[in-house]
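Reader: Could you take me through the reasoning behind some of the labels applied to this model, setting each value against its definition?

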Amino acid sequence: MDIVNLASAQQAVALLFSEPQYWLVVIPGIIIGLFFGATPGLQTSMAMAIFLPMTMYMDFLQAMLFLTAIFTGSGFGAGVPAILMNIPGTSSAIATAFDGYPMARKGEHNEALGLALGSSTFGVLLGYILLFFLIKPMSLFVLKLGPSEMFIVILWGLTLIASLTGKHVVKGLIAGLVGLLVGTIGFSDNGILRGTMGLDILADGIPVIPAMMGMFAASELFKLVKSEFLVEDESQRKVRISYILKGFRKAFSYPVILIRGSLIGVIIGAVPGVGSSVSNLLSYIETKRRDKDPDSYGKGNPKGVIASESANSTSEAGSMATLLALGIPGGGATAVMLAAFAMHNITGGPQFIREQMDVVYAIIFANFAQAFLLIILGLLLIPVLASIIKVKMTYLVPSVLVLATAGSFGLTGNMSGPGTVLVFALVGWVFRRYNFSVPAAVIGMLLGKMAEGSLVQTLQISGGEFSYILQRPITIAILVLLIFSLFGSKLIEKLTKKAK
Amino acid sequence: MTLSKEKIANSIVILCLATFVLWYALNAHNASSSLENMILILPIASITLCLCIYEFFTQKEDLEKKDDFLTVLPVMILFAAYVFSLEYLGFDLGTVLFLAASLYIHGEKRLPWVIGYSLVYGFIIAYFFSMMLPYPMPMTFLPTDY
């Protein structure tokens with residue numbers, strides 16, 4: 001089997017330059033994405049859904065370029081509030097906030113934003129290069145992933161909880177497991193209603209993104225009321241392009257972290273339903289675990305930002321792989337793209353790959369260009385977005401709370417969003433005060449329903465026989481990887497000590 | 001044995017979490033005791049309860065400096081009042097009033113600034129979201145079909 005179809009690649013280049021309007025939609029797309037990503041509460045999928053009707057008047061390729069441009073811009077944009085306000089605009093930027101926000105509080109916001117931009121553009125570029133070479137083999141591999149493999153991948157995500165908690169490991173585990181249970185509230189896959197306390201709005205479960213906004217942002221804002229500015233030192237409260245560029249360049253001085261993050265992003269991003277929400281955390285934890293000074297993470301280590309941003313932006317290529325090759329959306333954003341497919345009477349999947357490989361390659365090539373455009377537009381727009389650090393806390397705290405509240409309404413379409421932000425802001429404040437890990441609880445909530453769904457499916461397929469797992473080599477392989485990632489370094493350390 | 005205030009508060013948090021876990025497991029079991037329903041909830045609840053018991057009996061004195069609850073309480077109350085009032089006051093009026101009250105409480109005593117900022121920011125946010133979102137938002141002054 002040929003991995004790359006050269007004739008189709010040539011046709012793709014010709015196709016892209018046949019009509020100038022293909023490129024006219026890319027710049028507005030990236031700006032829309034940056035804007036939506038950087039506004040807490042506005043999601044990538046929401047931006048794409050709002051602008052989806054416009055693609056009706058475009059041809060299929062132009063529509064895909066417009067939508068992927070929004071996707072690219074918002075992938076980086078979500079990191080901006082994560083760094084400046086500790087609000088991960090989407091679940092894919094959770095790990096960016098871990099070190100990005102402490103960097104901002106130390107006055108290193110310019111560098112952190114530059115690091116995020118550098119890592120994001122690298123991630124998008126490498127992700128699509130990998131997609132170019134791997135789209136055919138990946139489509140075959142993803143088809144082989146069943147619920148048991150999905151469960152093990154989720155379990156992998158969950159084991160991160162223990163590593164996220166520093167010296168309060170037991171409290172971290174409690175927070176993560178409680179989060180996992182909270183994530184299963186509402187109707188189960190089998191139609192059983194649990195834990196709603198009679199509230200109809202909880203039938204679909206706790207709205208996770210508003211809960212995340214409450215736990216991460218609002219609870220932190222309560223704490224900041226006493227501070228005068230986000231960055232206490234006035235001399236460091238400046239937005240400087242030179243420092244942003246320094247951060248941008250610095251991202252490339254950690255090639256191993258960038259490449260590892262991108263590989264994790266592309267692989268996990270290709271798993272439907274898991275995607276960038278888990279990949280940024282996996283990459284962060286792997287980087288922290290392998291570092292000589294793991295205790296410096298969470299306190300403003302630039303490597304944390306690079307690990308997270310390189311992985312979440314690469315997930316875009318991963319999720320595009322499953323969409324293009326299988327017609328399966330990996331998440332909200334690709335689900336909107338699937339709607340665009342339907343609007344143009346196109347069905348993704350092996351037949352699409354076989355018959356319209358030139359269009360697939362054209363989308364991939366256009367994304368190479370988008371990565372470079374993101375650098376230019378990002379550098380132009382970051383100073384506007386970063387000027388937030390000059391605002392007094394007296395103004396910033398209520399303004400961001402208002403933004404989070406309106407954004408959460410936008411996510412749910414009713415008052416359950418703002419209500420969730422309020423409840424989880426209080427829970428988050430208590431968790432922070434008594435050292436129960438907030439990120440662990442959020443990860444648990446994100447993965448709860450997914451974990452239960454894959455476990456139930458595994459049970460149904462296997463008929464309750466545990467030996468089923470032994471017949472799934474990919475499950476075993478991922479399980480071995482999981483165990484190795486948990487205990488491997490300690491084992492190697494012990495063996496080296498013994499050898500010495 | 002003397003218990004510090006911090007330790008008592010920490011114990012209360014652990015007990016609250018354990019109570020929630022126990023209640024949720026029982027609630028799920030009462031809804032359906034089938035294997036499909038309990039396959040994840042039962043093992044996770046059991047492990048969490050064991051960890052809560054362990055943490056309850058082995059907790060150590062935490063010497064880290066903590067936020068003072070009393071400084072945070074007014075913000076929490078104001079934010080709660082804002083969220084609860086939205087349905088009645090709408091996003092436009094509710095937001096303006098919340099911003100004005102927050103600014104004043106947190107030390108901004110220049111009334112033109114308080115009123116000006118609250119009106120401008122409040123209405124911009126309410127208008128922006130009402131225009132961008134595909135569903136109606138509650139409003140007092142801005143047009144809505146909520």
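**Aromatic pairs and the chain interface**

Author: A:Y361 and A:F365 are separated by about one helical turn, because they stand 4 residues apart in helix α18 (residues 357–386) of chain A, helices being DSSP runs (H or I) of at least four residues, numbered from the N terminus. This is a predicted model, in which local features need pLDDT of at least 70 and side-chain atom pairs count only at pLDDT 80 or more, while totals for chains, interfaces and linings use all residues. Residues are numbered from 1 along each chain as its sequence is written, chains are lettered from A in the order in which they are written, and side-chain values use heavy atoms, without hydrogens and water.

Reader: Why is A:F365 called buried or exposed, as the case may be?

Author: Buried means under 20% relative accessible area, exposed over 50%, and partly exposed in between (1.4 Å probe, protein chains only); A:F365 has 16% relative accessibility and therefore counts as buried. A:Y361, at 0%, is also buried.

Reader: What makes B:F128 and B:F129 an edge-to-face pair?

Author: Rings of Phe, Tyr and Trp (its six-membered ring) pair if their centres lie within 6.5 Å, and planes under 30 degrees apart count as stacked, over 60 as edge-to-face and the rest as tilted. The rings of B:F128 and B:F129 lie 5.2 Å centre to centre with 85° between the planes, hence edge-to-face.

Reader: How do you know that A:R433 and B:E6 form a salt bridge?

Author: The rule asks for a side-chain nitrogen of Lys or Arg within 4 Å of a carboxyl oxygen of Asp or Glu, and the closest N and O atoms of A:R433 and B:E6 are 3.3 Å apart.

Definitions and conventions: Helix = DSSP H or I, 4+ residues; strand = E, 2+ residues; numbered from the N terminus.
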